[in-house]
Amino acid sequence: MTLHRRTFLSIPVATASLTLATGARASRGPLDPVLLVHGNGGSAAFWMGFVWRMEANGYPAELIHALDFAAPIARSSGLDVDDESAIPGRSSTADQLAELTAAIDRTFASAGSQRVVLIGHSRAGNAIRSYLWRAGAVKVSRVVLAATTTNGLIATDCFVNNEFNGQGAFMRTLNARTIDVPPGVPTLSLRSDSNDLWFQPDGRFIGLPGRPTGIGYDAPDVRGATNVVLPGADHKQVALGDAAFDAIHRFMLGAPPAVVGVPTISTAVLDGIVTAFRDGAPSNLPVAGARVEVFETSPETGERAGTAVHAQTTGSDGRWGPYSARPDRQLEFLVRIAGLPATSIVCPPFPRGSSLVRLSPAIPSPEERAGEGLIVIRRPRGLSGAGRDVVRANGAPARPRAESVYRFILDTDEPVPGIAAHAVPVGRGAVRIQVNAETVTVRARPLDEAVVVAEFHG
């Protein structure tokens, strides 16, 4: 488990106050540190844009922390696998509770605070609610649960030891009371109306097409919380979208955000860690000995502007930075890890700095290895849906990547957003990649030179 923040605390919590950008609310008394908790298969990097928004609205960066679960994928990600079966590279409910508890204690130790705000997405709700009931209500001032698996992804008499079964042993124990969160801990719960792929009456998105799940669109609702429905939001927008940020800001601070977007600053100090798959599953453990080179590249041709502007070999902490970037420059991160394909990750300009820049290699599938080259389009903080999102390579629609986490959503006519990655099998030249309003231009490379990744912020 790793805790990330921009710097160690430099403003005492007892005197920290909030000044909104437009003066909509002059100040607020002492502020609690915020701990952001990602969902199944995610990482602390999920929250990068949310942190930018909080900073833009005056919340001290020193008070915003993000947790990395070491093994982010649940043991129960396969419905026929139970939470008690030890599987290398995967975590149990007990594992996540232990890591969350340690993260909260570390937040107190570093911030000198007595209480913390917990904000969790998706699976994080299981660990957060377990913590609240077992030990931690007195240490938590407020809770935000976004698209959390409060009542499971299914609620049937099958797979009864699965973490995500509302009728299973874990969920029955967690939901045995008349309310889902302890009294005295103000809680906000956010969900979609019907556009979240994980909370559907039919099981097609969890590999059970045509079978009733036993749950409805309201499965994330939390008894005892303020439940808010965000119409049209997908599984990630429920935590990261404009409407979600507005609701969270009002709930935390009693006023709407003064700044909705992400204002650009003059210098973006970037840092983060290198990670890679372990035991066949995503891992948030750092990789030592990885070589990272950073290049500024042309947004017209994708060509490098010169030699590397930053280069570093990671130590035991996996950190590849810091690097001070200009906010108007498209960047390429060339990552080399022994035994894995080199990966060229190209990103649009960073409007602000972040310590949550995750660099992970892309591994071609057997089918993709047969091609001359490969461009992977990644959206760590976004999902795509037919008729709503534009994902193009040189003007042509890109195809969903079969190795996307949301592997059951490969039909481009599916209206519920669920595609996290696309692929472009090309050989040479400049390729302009568009995801909605964001664009980057990459240079296609032979597969034996590097897998090319176009990675977007939104």
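Two strands count as paired if DSSP finds at least two bridges between them. Helices (H or I, at least four residues) and strands (E, at least two) are DSSP runs, numbered from the N terminus. With those two ideas in hand, welcome to the tour.

This is a predicted model, in which local features need pLDDT of at least 70 and side-chain atom pairs count only at pLDDT 80 or more, while totals for chains, interfaces and linings use all residues. Residues are numbered from 1 along each chain as its sequence is written, and side-chain values use heavy atoms, with hydrogens and water left out.

**The whole chain**

Show everything as a cartoon to begin. The protein chain has seven helices and 23 strands. Of its 458 residues, 57% count as buried; buried means under 20% relative accessible area, exposed over 50%, and partly exposed in between (1.4 Å probe, protein chains only). The accessible surface comes to about 17300 Å², and 53% of that belongs to carbon and sulfur atoms. These areas come from the Shrake-Rupley method with a 1.4 Å probe; for residues, only the protein chains shown count as cover. Contact means heavy atoms within 4.5 Å. Among contacts between residues at least 6 apart in sequence, 72% join residues at least 24 apart.

**Stop 1: strand E6**

Select residues 187-192, which make up strand E6. Six of the six residues are buried, so E6 is largely enclosed by the rest of the structure. Now show the side chains. In a regular strand they alternate between the two faces of the sheet. Here Thr187, Ser189 and Arg191 point one way, while Leu188, Leu190 and Ser192 point the other way.

Next, add the partners of E6. Strand E5 (residues 140-146) pairs with E6 in the parallel sense over four bridges, and Val144 stands opposite Leu188. Strand E9 (residues 226-230) also pairs with E6 in the parallel sense, over five bridges, with Arg191 standing opposite Val229 in E9.

Add helix H4 (residues 169-174) as well: E5, H4 and E6 make a right-handed β-α-β unit. Right-handed means that, with the strands pointing away from the viewer, the path from the first strand over the helix to the second runs clockwise.

**Stop 2: helix H1**

Move to residues 48-56, helix H1. Eight of its nine residues are buried, so H1 is largely enclosed by the rest of the structure. Among the buried ones are Met48, Phe50, Trp52 and Glu55. What do the buried residues of H1 pack against? Their neighbours are strand E2 (34-37), strand E3 (64-68), strand E4 (116-121), helix H5 (237-240) and H6. Just after the helix, look for Gly58, whose phi is positive, near 95 degrees.

**Stop 3: rings**

Rings of Phe, Tyr and Trp (its six-membered ring) pair if their centres lie within 6.5 Å; planes under 30 degrees apart count as stacked, over 60 as edge-to-face and the rest as tilted. The count comes to six aromatic pairs. Select Phe50 and Phe245: this pair is edge-to-face, at 5.7 Å centre to centre and 80 degrees between the planes. Phe50 lies in H1 and Phe245 in helix H6 (residues 242-253), so the pair ties together parts that are 195 residues apart in sequence. Both are buried. Add Phe46 and Trp47, and you have a cluster of Phe46, Trp47, Phe50 and Phe245 linked by ring pairs.

Then pick Trp320 and Phe333, whose ring centres are 5.4 Å apart with planes at 70 degrees, so the pair is edge-to-face. Trp320 is in the loop between strand E12 (310-313) and strand E13 (323-325), and Phe333 is in strand E14 (residues 330-336). Both Trp320 and Phe333 are buried.

A charge sits over a ring if NZ of Lys or CZ of Arg is within 6 Å of the ring centre and within 35 degrees of the ring normal. Arg142 lies over the face of Phe251, 4.9 Å from the ring centre, and Arg177 over that of Trp133, at 3.9 Å.

**Stop 4: a loop residue**

Find Leu285, in the loop between strand E10 (268-270) and strand E11 (291-297). Is Leu285 buried or partly exposed? Its relative accessible area is 32%, so Leu285 is partly exposed. Leaving aside neighbours within four places in sequence, Leu285 is in contact with Ala70, Val274, Thr275 and Arg278.

**Stop 5: an antiparallel sheet**

Finish with four strands that form an open sheet in the order E18-E17-E21-E22, with antiparallel pairing. At the edges are E18 (396-397) and E22 (438-443), each pairing on one side only. Six bridges join E21 (residues 430-435) to E22, and Arg432 stands opposite Thr441 in E22.
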